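Reader: I am new to this structure and would like a close look at a single part of it, the place where its two halves of the description come together. Could you take me through that part slowly, with the background I need to read it?

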Amino acid sequence: MDSQGGPYLNKKALCSPLGAARLCQLAMGCAVIAMVTHSAGYSGSHGVFCMAAWCFCFAMSVVVFFLDATRLHSCLPVSWDNLTVTCAAFATLMFVTASVVYPLFFVRIECPYAGCDVRNFRIAVTVCSILGALAYGAEVAWCRARPGQAVVGYMATVSGLLKVVQGFVACIIFGALANGSEYSRYSATIYCVVVYAFCFALTAVVVIMTVCGRTKAVRCMPFDRFVVVCTLLEVLLYLSASVVWPVFCFDTKYGSPWRPSSCPRGKCPWDSKVVVAVFSFINFGLYVVDLIYSQRIRFVSSRNSRV
């Protein structure tokens, strides 16, 4: 018992829908890692990414569950509600990506040389990964702020969750840029890279300020207005990059609108350019939706949770 007469452990960490979702996350994460290391296996950069995603999300879930169950999160200088929903949203994206990449590169209908047991384990890994993604998505849905509800945790709003998705999409863009995209050939494409990096940094600043409970650090304006200003700037920058990048990569004056026949699969600069172009438009759309939703947000103060 604590000094106030209550139990040391948080019963809601187990006996609640949120607790059930987190236990399912732990179970699915443990099952996936165990099966991959036991027999399913992984190789190459795609396999390493999937394994890293599962291990990172599992470790993050263990820490979140332990801190919530022991109430030790109250000792941390963070907004716990904002931190947990951010972790859950990020883990959802990681698990969804791994659930697509792993079967795409490792699961085959016919039995491989290692036998049908390996194939069956890989199918089981895919199923557990999908269930893990659903468990993380359930936590996000449970914690998400409802329409008309006073907002205490910014990351629980549509705008806050979009920030996580925007950062994730930006990481995909950076990965494509690093994979032989030849962005350094023209000043215009270098400008696009600067735009992607600046917008990612700005989004990260908003998320970090929210999670660390430092929203009052912006003294010249309220935090909700600061978010709108940042989002508008990001929309304008991404609009310019979404126009400039395709012109300098696929116009016949600077590049090729068609994939070169001699380009090797997996190491083709043209493919990387297409990925950057597609996800630039996706992130531009996300920022536009974010701008629309962020104008509806009004924050309230709370003694138990810092925005």
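Author: A contact, as the word is used here, means heavy atoms within 4.5 Å. With that in hand, residues 24 or more positions apart account for 76% of the contacts in the protein chain that have a separation of 6 or more. The model is a predicted one, in which local features need pLDDT of at least 70 and side-chain atom pairs count only at pLDDT 80 or more, while totals for chains, interfaces and linings use all residues. Residues are numbered from 1 along each chain as its sequence is written, and side-chain values use heavy atoms, with hydrogens and water left out.

The setting comes before the detail. The protein chain has eight helices and zero strands, where helices (H or I, at least four residues) and strands (E, at least two) are DSSP runs numbered from the N terminus. Its C-alpha atoms fill a box of roughly 75 × 60 × 30 Å, taken along the principal axes. Of the 307 residues in the protein chain, 44% are buried; buried means under 20% relative accessible area, exposed means over 50%, and partly exposed lies in between, with a 1.4 Å probe and protein chains only.

Now to the part you asked about. The protein chain is divided into domain 1 (9–146) and domain 2 (157–306), with bounds that come from an automatic or database domain assignment. The C-alpha centres of domain 1 and domain 2 lie 26 Å apart, and the contact between them takes 17 residues from domain 1 and 13 residues from domain 2. The size of an interface is often given as the accessible area lost when the parts come together. Here domain 1 and domain 2 bury about 1200 Å² between them, and 71% of that is on carbon and sulfur atoms; buried area is the accessible area (1.4 Å probe) that two parts lose on being put together, summed over both.

Thr86, which is found in helix α3, gives a detailed view of residues from the two number ranges meeting. The C-alpha atoms of Thr86 and Leu161 are separated by 7.2 Å, although these residues are 75 residues apart along the chain. Leaving aside neighbours within four places in sequence, Thr86 is in contact with Met155, Val164, Val207 and Val211. Thr86 counts as buried because its relative accessible area is 13%.

Lys163 can be read beside Thr86, and its place is in helix α5 (residues 158–178). Not counting residues up to four places away in sequence, Lys163 touches Tyr154, Thr203, Val206, Val207, Val227, Thr231 and Asp290. Val207 therefore appears in the list for Lys163 as well as in the list for Thr86, and Lys163 is itself buried, because its relative accessible area is 2%.

Two further residues fill out the picture. Cys249 lies in helix α7 (residues 223–250) and is buried, with a relative accessible area of 3%. The C-alpha atoms of Cys249 and Thr189, 60 residues apart along the chain, are separated by 8.2 Å, and Thr189 is also one of the residues in contact with Cys249. Arg71, by contrast, lies in the loop between α2 (44–70) and α3 (80–106), where it counts as partly exposed because its relative accessibility is 34%. Arg71 also has a positive phi of about 65°, although it is not a glycine.
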